[in-house]
Amino acid sequence: MSNIMKRFTHTINTKWGFFFLTVALFWIKTYVVYQTKFTLGAKGSVQEFLLLINPIPAALLIFGIALYFRGRLAYWLMMIISFLESTWIFANIVYYREFSDFLSVGIIKGSGDVQNNLGKSLAEIVKISDFGVYLDVLILILLLSFKVIKIDKRPLKRRYAFTMTLVSLGLMGAEFGMANADRSGLLTRTFDNNYVVKYLGLNEFAAFSAYQSQKESATRANASASDIQSVLKFLKKSRVSPNAEYYGTQKGKNVFVIHLESFQQFLIDYKVEGKEVTPNLNKFYHNNNTLSFDNFYNQVGQGKTADAELMLENSLFGLPQGSAMTTYGTQNTFQAAPSILDQQGYTTAAFHGDVPSFWNRDNTYKSWGYDYFFSNSYYKEKEAYNVGYGMKDKIFFDQSAQYIQQLSQPFYAKLITLTNHYPYEIDSKNTDDFPQTKTGDKTVDPYVQTAHYLDQAFAEFISYLKDAGLYKNSVFVLYGDHYGISNNHRPAIAKLLGKDKVTQYDLAQFQKVPFMIHAEGLKGGINHTYGGEIDVLPTLLDLLGVKNNTTVQFGNDLLAKNRKQLVAFRNGNFVSPQYTKIGSTVYDTKTGEVLKLNKKQRAEVSALQNHVTTELSLSDRVIYGDLLRFYDPDNFKKTDKAKYNYKLNSGLAQLKKAQKDNPTSAKAKNDGKVSAEYKTDAPELK
Ligand code: GP9
Ligand code: MN
């Protein structure tokens with residue numbers, strides 16, 4: 001035997017040697033699984049490096065527990081840990097294959113039967129190669145049993161074991177520091193389970209999801225049925241009656257909700273070098289059949305898009321921290337737009353060209369009652385089709401059309417665009433030679449180019465719907481979800497707005513996003529009421545003539561005559577037609593001047609502040625306590641999450657079945673033939 005071999009056998013026959021061998025095998029195995037069984041999308045050297053090393057710190061910590069024990073026990077403990085770890089990996093491989101997401105503790109606890117959720121028998125999903133994750137455990141156990149590796153019975157000093165624990169924790173801290181530097185808010189904003197695994201690893205993800213689920217069950221356990229009463233009392237006082245001129249005028253129509261990513265109100269009618277950034281949206285905005293709101297604000301917090309979606313479809317505020325969709329979306333009971341409309345005979349579908357796990361949409365949409373969720377696996381993928389988070393808008397709309405054609409009518413379809421997202425990347429073929437702005441801020445300047453691209457994509461989609469005969473009988477709801485240019489870019493914002501300098505007041509006004517409702521025959525015009533995302537659901541339901549005075553909604557109909565015009569921001573600041581309150585400063589909303597309040601004004605401001613604080617905290621209580629589980633209004637039935645499955649094959653089968661059972665889709669009405677071809681100038685499709 002060569003010297004090296006001798007040294008190796010000597011080493012693995014010591015406790016430390018066996019420990020490091022076990023950890024090393026676990027490391028290699030996990031990394032191979034990362035690369036072959038998951039699509040984690042590590043980009044760039046920091047992410048690649050973290051992906052490579054992230055199994056190590058947790059492995060040292062967990063396997064290191066065995067070092068505190070003596071003799072045989074230490075060895076068998078290592079094997080038991082290794083077996084359990086392998087099982088965790090195995091379960092995730094299988095779950096991931098179906099859902100492109102990881103198995104969170106919430107899922108395991110909540111649905112009770114993940115198996116049922118899978119929709120297929122395990123035997124159909126599991127591949128032989130998956131069992132490979134047990135290979136290292138098996139080999140080590142055999143080597144121990146046949147005494148090829150000898151058990152080192154010498155006791156190890158406690159302080160060595162303790163040192164290992166400290167070292168592993170230190171490494172974990174360093175790992176987290178690097179991860180957070182690359183993706184800030186990784187754990188606080190809680191975007192996506194895939195991100196946690198990519199940056200921190202499967203074990204850290206398990207710990208994180210256990211923590212989240214513990215937090216979620218603790219707030220839930222603290223709540224009781226009587227808590228909903230104070231919410232209902234508050235809502236009863238703040239409810240307004242709908243505008244009779246509009247109520248029910250759009251009854252029974254299809255609804256298209258078009259999410260304009262990161263789109264701010266200032267872009268409407270904005271010009272760069274004399275050219276309109278968004279000519280098509282501008283035309284839509286000024287159309288006689290469009291109700292356009294020019295004092296409509298985004299009200300999101302850290303959850304950004306997720307908060308916007310939550311407000312739009314539930315009329316509940318996002319949480320002060322993180323995203324409610326991620327932490328509470330899986331377990332909570334909701335009274336969301338898809339469920340409400342489903343109970344009115346609507347088919348409901350969400351479309352988005354990103355992975356389904358982002359913002360936990362794959363689970364939350366079930367709680368909201370979406371019949372379909374068309375996410376990236378439903379779209380033909382090519383490298384050139386994607387930019388940033390996912391599919392380019394023109395290709396996204398084009399490929400969504402085939403599914404829209406097959407939706408039984410009336411339907412409620414939400415399409416979430418993506419290209420106009422920070423960092424506003426777009427290839428030169430797609431810029432249409434539209435000039436960047438010239439603020440000199442590299443982050444800000446391409447914003448108008450991606451907005452211009454979104455505008456063209458939108459126009460192509462609308463003209464398709466006209467051809468397909470889906471335009472006339474539909475209502476269109478368009479909204480910008482949140483700012484595209486954050487407050488960190490003040491000098492650039494000042495230049496865009498043609499000002500020397502921006503104040504806190506200007507920044508608050510900069511939070512305006514477009515909100516438009518369009519339908520043939522709808523009495524349109526520019527409406528100046530002050531409102532925000534929280535007000536969308538009651539507005540839409542009133543237009544559709546769907547009774548909503550018993551379901552829990554914190555907003556109020558933007559068309560109601562006697563509505564309270566008050567826009568709460570997530571941090572407790574607010575805007576009303578008279579006052580804009582930022583921190584302790586109150587501005588005149590009309591002029592932007594700082595106000596020195598007289599006694600009467602002070603009382604008014606404090607009443608408004610009181611309302612804002614109360615509504616935010618009551619909405620939080622609804623989410624934290626899962627209070628809607630205690631409340632059964634007579635016109636709403638609770639959503640059965642178990643009914644839904646968004647896996648590609650299951651979604652396609654469901655669509656196919658719907659063509660027969662409820663043949664009201666555009667395609668079914670056209671004898672099963674596609675009713676119009678989609679026209680796009682997307683260079684990728686030429
Ligand atoms: C990703 C997308 C982005 O799927 O919705 O979310 P955001 O970063 O805008 O909150
Ligand atoms: Mn967004």
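Tutor: Two strands are said to pair if DSSP finds at least two bridges between them, and we shall need that rule for this predicted model.

Student: How do you know that β16 and β17 pair, and in which sense do they run?

Tutor: Strand β16 (residues 574-575) is joined to strand β17 (residues 579-582) by 2 bridges; the rule asks for at least two, so the requirement is met. The two strands run antiparallel, with Phe 574 standing opposite Lys 581 in β17. They form a hairpin in which 3 residues lie between β16 and β17.

Student: What makes β17 and β18 a pair, and over how many bridges?

Tutor: The antiparallel pairing of β17 and β18 runs over 4 bridges, and, since the rule asks for at least two, they count as paired. Lys 581 stands opposite Val 586 in β18. In the hairpin of β17 and β18, 2 residues lie between the strands, and Gly 583 there takes a positive phi near 60°.

Student: Why do β15 and β18 count as the edges of their sheet?

Tutor: The order in this open sheet of 4 strands is β15-β16-β17-β18, with antiparallel pairing. Because β15 (567-568) and β18 (585-588) each have a single partner strand, one side of each is left without a neighbour in the sheet.

Student: What makes both faces of β17 count as covered?

Tutor: Tyr 579 and Lys 581 on one side, and Thr 580 and Ile 582 on the other, are all buried, and to be called buried a residue must fall under 20% relative accessible area.

Student: How do you know that β10 is mostly covered?

Tutor: Of the 6 residues in strand β10 (residues 411-416), 6 are buried. One side carries Phe 411, Ala 413 and Leu 415, and the other carries Tyr 412, Lys 414 and Ile 416, with both faces covered.

Student: Which strands pair with β10, and in which sense, parallel or antiparallel?

Tutor: Strand β1 (residues 254-260) is joined to β10 by 5 bridges and runs parallel to it, and strand β6 (residues 347-352) also runs parallel to β10, joined by 6 bridges. Both counts satisfy the requirement of at least two bridges. As for individual partners, Phe 256 has Ala 413 as its bridge partner in β10, while Thr 347 stands opposite Phe 411 in β10.

Student: Why is Glu 309 called buried?

Tutor: Glu 309 has 0% relative accessibility, and the term buried applies under 20%, so the residue qualifies. Glu 309 has its place in helix α16. Leaving aside residues up to four places away in sequence, Glu 309 touches several others, including Arg 361, Trp 368, Lys 414 and Ile 416. Met 325 is also one of the residues that Glu 309 touches, and the C-alpha atoms of Glu 309 and Met 325 are separated by 8.9 Å, with the two residues 16 apart along the chain.

Student: Why, then, is Ser 650 called partly exposed?

Tutor: The relative accessibility of Ser 650 is 22%, and the partly exposed class lies between the buried limit of 20% and the exposed limit of 50%, so Ser 650 belongs there. Ser 650 is found in helix α26 (residues 648-661). Measuring C-alpha to C-alpha in the model, Ser 650 and Tyr 372 are 9.7 Å apart in space, although 278 residues apart in sequence.

Student: Why is the site of the manganese ion (ligand 2) called irregular?

Tutor: The site has 6 donor atoms, with angles of 53 to 166° among them. An octahedral site needs opposite donors over 155 degrees apart and all others between 65 and 115, so an angle of 53° does not fit and the site is classed as irregular.

Student: What makes Thr 305 and His 482 donors to the manganese ion (ligand 2)?

Tutor: The protein donors, among them Thr 305 (OG1) and His 482 (NE2), lie 2.0 to 2.7 Å from the manganese ion, which is within the limit of 2.8 Å. The pair links distant parts of the chain, with Thr 305 in helix α16 (residues 304-314) and His 482, 177 residues apart from it, in the loop between β11 (474-480) and α22 (490-497). Both Thr 305 and His 482 are buried.

Student: How do you know that a charge sits over the ring of Tyr 471?

Tutor: The charged end of Lys 466 is 4.8 Å from the centre of the Tyr 471 ring, and the distance limit is 6 Å. Likewise, the charged end of Arg 159 sits over the ring of Tyr 160, 5.5 Å from its centre.

Conventions: Residues are numbered from 1 along each chain as its sequence is written. Chains are lettered from A and ligands numbered from 1 in the order in which they are written. This is a predicted model: local features need pLDDT of at least 70, side-chain atom pairs count only at pLDDT 80 or more; totals for chains, interfaces and linings use all residues. Side-chain values use heavy atoms; hydrogens and water are left out. Donors are N, O and S atoms within 2.8 Å of the metal (3.2 Å for Na, K and Ca); water is not among the atoms, so sites may look incomplete. Four donors count as tetrahedral if all angles lie between 85 and 135 degrees; four count as square planar and six as octahedral if opposite donors are over 155 degrees apart and all others between 65 and 115; anything else is irregular. Buried means under 20% relative accessible area, exposed over 50%, partly exposed in between (1.4 Å probe, protein chains only). A charge sits over a ring if NZ of Lys or CZ of Arg is within 6 Å of the ring centre and within 35 degrees of the ring normal. Contact means heavy atoms within 4.5 Å.
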